[in-house]
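This report describes a single protein chain, beginning with one loop residue and its surroundings and then turning to the wider fold. Please consult the sequence and coordinates shown below alongside the text.

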Amino acid sequence: MTAETEARSVSLEGDTLVIVWADEHVSRIALVELRRGCPCAQCRELRDRGETIWPRPGDTIEVTDAELAGAWGLSLQWNDGHETGIYPWTLLRAW
């Protein structure tokens with residue numbers, strides 16, 4: 001892992017995921033973007049078919065839990081029950 005893909009801290013600030021990287025770069029990613037861009041197979045398949053992943057009518061988005069996925073990414077659990085997406089650090093940095 002390089003300083004560009006090594007997260008020093010991860011936090012939530014309102015509706016934004018904030019990652020401070022080892023090289024001091026700060027990424028701010030809206031939760032809506034993260035949920036819509038979920039990299040799991042189910043969400044990729046829905047996007048490939050042109051279907052809406054999120055939001056559905058009346059939905060609000062919230063992260064209910066987060067944990068490290070080994071040394072290579074972040075697993076997020078959402079208030080809509082979705083929890084299979086693992087976001088690799090390289091993807092989050094590129095976002």
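## His82 and its contacts

Leaving out residues up to four places away in sequence, His82 touches Arg35, Cys38, Cys40, Gln42, Cys43, Leu76 and Gln77. The model is a predicted one. His82 lies in the loop that connects S5 to strand S6 (86-88). Is His82 buried or exposed? Its relative accessibility is 10%, and because buried means under 20%, His82 counts as buried.

## Leu76 and the nonpolar core

Leu76, one of the residues in contact with His82, has further partners of its own. With residues up to four places away in sequence set aside, Leu76 touches Leu34, Val63, Asp65, Ala66, His82, Glu83, Gly85 and Tyr87.

The largest nonpolar core holds 20 residues, and those touching the most other members are Leu31, Leu34, Leu76, Trp78, Tyr87 and Leu92. Two or more residues of this core come from each of S2, helix H1 (31-36), helix H2 (41-48), strand S5 (73-78) and helix H3 (89-94).

## Ile86 in strand S6

Ile86 belongs to strand S6. With a relative accessibility of 32%, Ile86 counts as partly exposed. Apart from neighbours within four places in sequence, Ile86 is in contact with Pro39, Ala69, Trp72, Leu74 and Ser75.

How far apart in space are Ile86 and Thr64? Their C-alpha atoms are 15 Å apart, with the two positions 22 residues apart in sequence numbering.

## Glu24 and Asp48

Glu24 sits in the loop between strand S2 (16-21) and strand S3 (26-30). Its phi is near 80°, a positive value in a residue that is not glycine. Most residues other than glycine have a negative phi. At 49% relative accessibility, Glu24 counts as partly exposed, because the exposed class requires a value over 50%.

Asp48, by contrast in location, is placed in helix H2. Asp48 has a relative accessibility of 71% and therefore counts as exposed. Glu24 and Asp48 are 24 residues apart in sequence, and the distance between their C-alpha atoms is 35 Å.

## Overall fold and dimensions

The protein chain contains three helices and six strands. From the N terminus onward, these elements follow the order β-β-β-α-α-β-β-β-α. The radius of gyration is 13 Å, close to the 12 Å that the globule rule gives for 95 residues, so the chain is as compact as a globular protein of that length. Along the principal axes, the C-alpha atoms fill a box of roughly 40 × 25 × 20 Å.

Of contacts between residues at least 6 apart in sequence, 31% join residues at least 24 apart.

## Burial, surface and charge

How much of the protein chain counts as buried? The buried share is 34% of its 95 residues. The chain exposes about 5600 Å², of which carbon and sulfur atoms supply 48%.

The protein chain carries 9 positive and 16 negative charges. The mean positions of these two sets of charges are 5 Å apart.

Key
Residues are numbered from 1 along each chain as its sequence is written. This is a predicted model: local features need pLDDT of at least 70, side-chain atom pairs count only at pLDDT 80 or more; totals for chains, interfaces and linings use all residues. Side-chain values use heavy atoms; hydrogens and water are left out. Helices (H or I, at least four residues) and strands (E, at least two) are DSSP runs, numbered from the N terminus. The radius of gyration is taken over C-alpha atoms; the globule rule is 2.2 Å times the number of residues to the power 0.38. Buried means under 20% relative accessible area, exposed over 50%, partly exposed in between (1.4 Å probe, protein chains only). Contact means heavy atoms within 4.5 Å. Accessible areas come from the Shrake-Rupley method with a 1.4 Å probe; for residues, only the protein chains shown count as cover. Lys and Arg count as positive and Asp and Glu as negative; His and the chain ends are not counted. The place of a charge is taken as NZ of Lys, CZ of Arg, CG of Asp or CD of Glu. A nonpolar core is a set of buried Ala, Val, Leu, Ile, Met, Phe, Trp, Tyr and Cys residues joined through side-chain atoms within 4.5 Å.
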